[in-house]
Amino acid sequence: MKEYFADFLDKSSYQKLSAPPQQQGLPQPPLELPWPASAELIALPAPADLVIPPADLRKTIEARRSLRHYDLSQSLSQSELSYLLWLTQGVKRITGRPATLRTVPSAGARHAFETILLINRVEGLEPGLYRYIATRHALLRLDAPVDIEVELMTAAGEQEHVVLSAVTFIWMAVTERMTWRYVERSLRYLFLDAGHVCQNLYLAGESIGCGVCAIAAYDDAKVNALIGADGVDQFAIYLATVGKK
Ligand SMILES: Cc1cc2nc3c(=O)[nH]c(=O)nc-3n(C[C@H](O)[C@H](O)[C@H](O)COP(=O)(O)O)c2cc1C
């Protein structure tokens, strides 16, 4: 185990960076994965119009716990889902570079994540798999097996809160968005970035009466296969379940 960390730290030594694609003049990867031009996006309630009662930050942080059982009689509203997506990956601005500035920090504003959602109980949305199109604040329906929630639970070591959740967030890292600038540092930055995103979900959830539970114990290959990630250039980096208390 010691060797593993030594190897990782040695390879990611800041002094040893090989020439990043950015410095080689290679084009920056797109800010977001493309989606089919023919696809109909599902607009989410606009962030500016969300009516969410204010929450005290200290109380919210102190009250936060990981919750694995949810009120199955309650769905999330689309406004609540919009709020959770906005506070975890919402695009506040696209700068001239271009880069996205979002509600979470990211190393070098690389923002290398796509948010995939397993939706079980959200008002007005068919259960299934969706992708958050952050630059449009909209959802894209993805193809998925009919029992996707069971398959995802199995891929996550039978953790039942995946099927019990109103929504399960799956953050997918698109590595080239980070490696373009940071080469060997990228892995570290991707995992650090993921922590910020999930913490925002915990706090945003807590502020609207939802419980959240982070999930990092899962079969990478199985989860990657379900979300269409190849496991090298794209991979599931972190999951989290959400539901009403
Ligand atoms: C990186 C990380 C991975 C986690 N993975 C899981 C998981 O796979 N399944 C689970 O039920 N909880 C998971 N958790 C939740 C922790 O078990 C939980 O945060 C911890 O027990 C402390 O409880 P609290 O969050 O209520 O304070 C994870 C938390 C973190 C930060």
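A polar contact, as the term is used here, is a pair of N or O atoms within 3.5 Å. Keep that cut-off in mind as we walk through this structure, which is a predicted model.

Let's start at the ligand. A backbone N or O atom of A217 lies 3.1 Å from an oxygen atom of the ligand, and a backbone N or O atom of A216 lies 3.1 Å from a nitrogen atom of the ligand. R64 takes part through its side chain: one of its polar atoms is 2.8 Å from a ligand oxygen. Taken on its own, the ligand has 620 Å² of accessible area, and the protein covers 57% of it.

Who else is around the ligand? The shell includes R65, S66 and R68, along with Q159 and H161. It also includes C213, A214 and I215, and Y238 belongs to it too. By character, these shell residues divide into six nonpolar, three polar and three charged. Which element gives the most to this shell? That is strand β8, residues 210-215, with three residues.

R64 is worth a second look. Besides its side-chain approach to a ligand oxygen at 2.8 Å, R64 lies over the face of Y202, at 4.8 Å from the ring centre. If you have the viewer open, R64 is a handy place to see the ligand and an aromatic ring together.

That brings us to the aromatic residues. A pair of aromatic rings is described by the distance of the centres and the angle of the planes. A search of the whole structure finds four aromatic pairs. One of them joins F169 and W171, with 5.7 Å from centre to centre and 40° between the planes, a tilted arrangement. Both F169 and W171 are buried. These two residues form one aromatic cluster with Y238, and Y238 is also one of the residues around the ligand. So what is the geometry of the Y182 and Y189 pair? Their ring centres are 4.9 Å apart and their planes meet at 85°; planes over 60 degrees apart count as edge-to-face, so this pair is edge-to-face. Y182 and Y189 are both buried.

Next to Y182 in the numbering comes V183, in the loop between α6 (176-182) and α7 (186-207). Phi of V183 is near 35°, a positive value in a residue other than glycine. Helix α7 also holds Q199. Is Q199 buried or partly exposed? Its relative accessible area is 34%, so Q199 counts as partly exposed. Q199 and D49 are 150 residues apart in sequence, and their C-alpha atoms are 24 Å apart in space.

The loops hold some further backbone details. In the loop between β2 (91-94) and β3 (100-102) you will find P98. The peptide bond that joins R97 and P98 is cis, with omega at about 5°. Further along, H111 has its place in the loop between β3 and β4 (113-119). H111 has a phi near 40°, a positive value in a residue other than glycine. With a relative accessible area of 5%, H111 is buried.

Another loop, between α1 (2-11) and β1 (42-43), contains P29. At 10% relative accessibility P29 falls under the 20% cut-off, so P29 counts as buried. From C-alpha to C-alpha, P29 and A112 are 9.8 Å apart, although 83 residues separate them in sequence.

Two last stops involve α3. Helix α3 spans residues 78-89 and includes E80. Why does E80 count as buried? Buried means under 20% relative accessible area, and E80 has 14%, so it meets that limit. The side chain of E80 also makes a polar contact of 2.7 Å with the side chain of K244. L72, in the loop between α2 (57-63) and α3, has a relative accessibility of 48% and therefore counts as partly exposed. L72 and L44 are 28 residues apart in sequence and 23 Å apart in space, C-alpha to C-alpha.

Notes: Residues numbered from 1 in each chain as written. Predicted model: local features only at pLDDT ≥ 70, side-chain atom pairs only at ≥ 80, totals over all residues. Heavy atoms only, no water. Near = heavy atom within 4 Å. Polar contact = N/O pair within 3.5 Å; in protein donor to acceptor, adjacent residues only side chain to side chain. Areas by Shrake-Rupley, 256 points an atom, 1.4 Å probe, with all protein chains shown as cover. Helix = DSSP H or I, 4+ residues; strand = E, 2+ residues; numbered from the N terminus. Nonpolar A, V, L, I, M, F, W, Y, C, P; charged D, E, K, R; others polar. Phe/Tyr/Trp six-rings, centres within 6.5 Å; stacked < 30°, edge-to-face > 60°. Buried < 20%, exposed > 50% of the residue type's maximum accessible area, 1.4 Å probe, protein only. Lys NZ or Arg CZ within 6 Å of the ring centre and 35° of its normal.
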